[in-house]
Amino acid sequence: MSNTLLAEVASRRTFAIISHPDAGKTTITEKVLLHGRAIQSAGTVKGRGSGQHAKSDWMEMEKERGISVTTSVMQFPYNNCLVNLLDTPGHEDFSEDTYRTLTAVDSCLMVIDAAKGVEDRTRKLMEVTRLRDTPIVTFMNKLDRDIRDPMELLDEVETELNILCAPITWPIGCGKLFKGVYHLHRDETILYQTGHGHTIQELRIVKGLDNPELDAAVGSDFAEQLREELELVRGASNEFDKDLFLSGELTPVYFGTALGNFGVDHMLDGLTEWAPAPMPRETSERKVEAGEEKFSGFVFKIQANMDPKHRDRIAFMRIVSGKYTQGMKMKHVRIGKTVNISDAVTFMAGDRERAEEAFAGDIIGLHNHGTIQIGDTFTQGEDLKFTGIPNFAPEMFRRIRLKDPLKQKQLLKGLVQLSEEGAVQVFRPLDTNDLIVGAVGVLQFEVVVARLKSEYNVEAIYEAVNVATARWVYCEDGRKLEEFKRKCSTNLALDGGDNLTYIAPTMVNLNLSMERYPDIQFAKTREH
Ligand code: G4P
């Protein structure tokens, strides 16, 4: 192992943001990029409502809605680290890609709207991070508004998300009376100033808790209240413990306002200091360490037509070990071929740039003409298959029908290809000729119809279908599986890869079947 390679790898921090829509993910992304000097002033990542659009928007549909379907990757330096922030599609563009992006990071930032607390989407995303025990950093946002009691917020995170909270900063007031935060590790108060949301502010700091300057700066009532609260906090909450953080059992918590660009830097300091450098990954053969000399990586997302000028598909690859250099040869393990990669791209804050070098922890984009699928492994010769890049059970279903019934073959071909790309999943019930499309986000249905039309020349429409959820079905005992198939055939289907799936009309039905057939495994995820 060369020292340069090890140093490069050790400096990487690759993370994604998990949050409920409107908690402030986009705003905090902007401020993170501002601190990483990747943008000059805030307000340039997503111009929702301002007529500006992120460069990665690719479909008219997106432009109309001002949302970004693409998962872009933003790389910037911060505190001697090179940070990769992977954007996770949210709002209506929420999709399986959002889930799968979480399999390609080493840590996550959880953003919570402190007026609302733990919300639904955050719960779901946390569930996905638990598959790999990903370390979580928490940011309580919108302190410039009236928020809920901070202690109560921590309690809620602990009980609802089953993770211990260790406050690193503690807020002084909120809303119009938001004064700043006290940093428990640095023993200093950082004072909040309004009107500096678009720039990096000069910090106003008061050292020590008993410093009379604190009373002068925030008022003696607030200073007294802070001292009392901190006594309680120190007694009742957890101290930061790096091992528990790294095993995903404890989250450091920061308070601030993304809009006011306050507290984001404290969170980034913690993240770069404590979040893990690129972690080892399991393969079907052995564990691969990030510092290994030889290159390896896996594809976690495929994006079509990101830029109308380049009508190609980009496969997003997380580098697991070693180093990518322009023009290198890689083995595409699934098809057993060696390919020359001369034109991989990186995504520096939305711009496509040619990557000359990239290291474990980085994401590169490979041009894909249909040979790359989600979950594919690339190596420098070794036959490995990375695991842990699953399909997730869809949560919404529609029956898809052709306007022109003669095009059934093209429809099936298109759907199977789109499902290999991970855009949606397709299910063919055993007992009927229906085609059922499943997705985790509603926008995917529209994307699929638009792409079927433009890429496969097939016009299709959706109808409602009585499916509430799906589970992949496994059973060691062939005889029991056959019996189950016979008895439950009306609820069974094959997915795009011919895997047996139980499509349940209701959750109650699913639970009953799980009780009735204890030898059958009903899985929420399926490995590629
Ligand atoms: P999202 O990506 O998680 O969906 O959230 P986004 O950043 O778009 O923020 C959602 C709304 O919350 C936005 O307001 C944003 O300005 C606001 N917001 C984010 N952080 C803070 C904060 O710290 N304090 C306050 N008061 N508001 C915050 P919007 O009116 O929906 O959108 P916009 O028209 O301002 O873009």
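This passage walks through a predicted model of a protein with a bound ligand, from the overall fold to a few single residues.

The confidence scores are a good place to begin. The mean pLDDT of the protein is 89, and 90% of its residues reach 70 or more. For the model as a whole, the scores are ipTM 0.97 and pTM 0.90. One stretch calls for more care when the structure is viewed: over residues 46-71, pLDDT stays under 50. For this stretch, the model has 61 contacts beyond four places in sequence.

Turning to the overall architecture, the protein contains 14 helices and 33 strands. Of its 528 residues, 57% are buried. The chain also brings together parts that are distant in sequence: among contacts between residues at least 6 apart, 71% join residues at least 24 apart. On the outside, the protein has an accessible surface of about 22600 Å², and carbon and sulfur atoms account for 47% of that surface.

The ligand has 17 residues around it, and those that come nearest are T26, T27, H91, D144 and T257. Sorted by class, this shell has six charged, seven polar and four nonpolar residues. Helix α2, which spans residues 25-35, supplies the largest share of the shell, with three residues. Several polar atoms of the protein can be picked out beside the ligand. In D22, a polar backbone atom is 2.7 Å from an oxygen atom of the ligand. K25 also takes part through its backbone, where an N or O atom lies 2.7 Å from a ligand oxygen. With T257, it is an N or O atom of the side chain that is 2.7 Å from an oxygen atom of the ligand. As for how much of the ligand is covered, it exposes 700 Å² when taken alone, and the protein buries 73% of that area.

Two loop residues show what burial looks like at the level of a single position. S95 sits in the loop between β3 (81-86) and α4 (96-101). Its relative accessible area is 2%, so S95 counts as buried. Beyond its neighbours within four places in sequence, S95 is in contact with V440, G441 and Q444. I389 is found in another loop, between β23 (377-379) and β24 (390-392). I389 is likewise classed as buried because its relative accessibility is 2%. Leaving aside neighbours within four places in sequence, the contacts of I389 include R100, T103, F298, I374 and H528. A pair worth locating in the structure is I389 and T101: the two are 288 residues apart in sequence, while their C-alpha atoms are 9.2 Å apart in space.

Finally, two asparagines deserve a look for their backbone angles. N79 has a phi near 45°, a positive value in a residue other than glycine. This residue lies in the loop between β2 (73-78) and β3. N79 is partly exposed, because its relative accessible area is 44%. N162 also has a positive phi, of about 55°, although it is not a glycine. The loop that holds N162 runs between α6 (150-161) and β6 (164-167). With a relative accessible area of 60%, over the 50% cut-off, N162 is therefore exposed.

Methods:
Residues numbered from 1 in each chain as written. Predicted model: local features only at pLDDT ≥ 70, side-chain atom pairs only at ≥ 80, totals over all residues. Heavy atoms only, no water. pLDDT = per-residue confidence, 0-100. Contact = heavy atoms within 4.5 Å. Near = heavy atom within 4 Å. Polar contact = N/O pair within 3.5 Å; in protein donor to acceptor, adjacent residues only side chain to side chain. Areas by Shrake-Rupley, 256 points an atom, 1.4 Å probe, with all protein chains shown as cover. Helix = DSSP H or I, 4+ residues; strand = E, 2+ residues; numbered from the N terminus. Nonpolar A, V, L, I, M, F, W, Y, C, P; charged D, E, K, R; others polar. Buried < 20%, exposed > 50% of the residue type's maximum accessible area, 1.4 Å probe, protein only.
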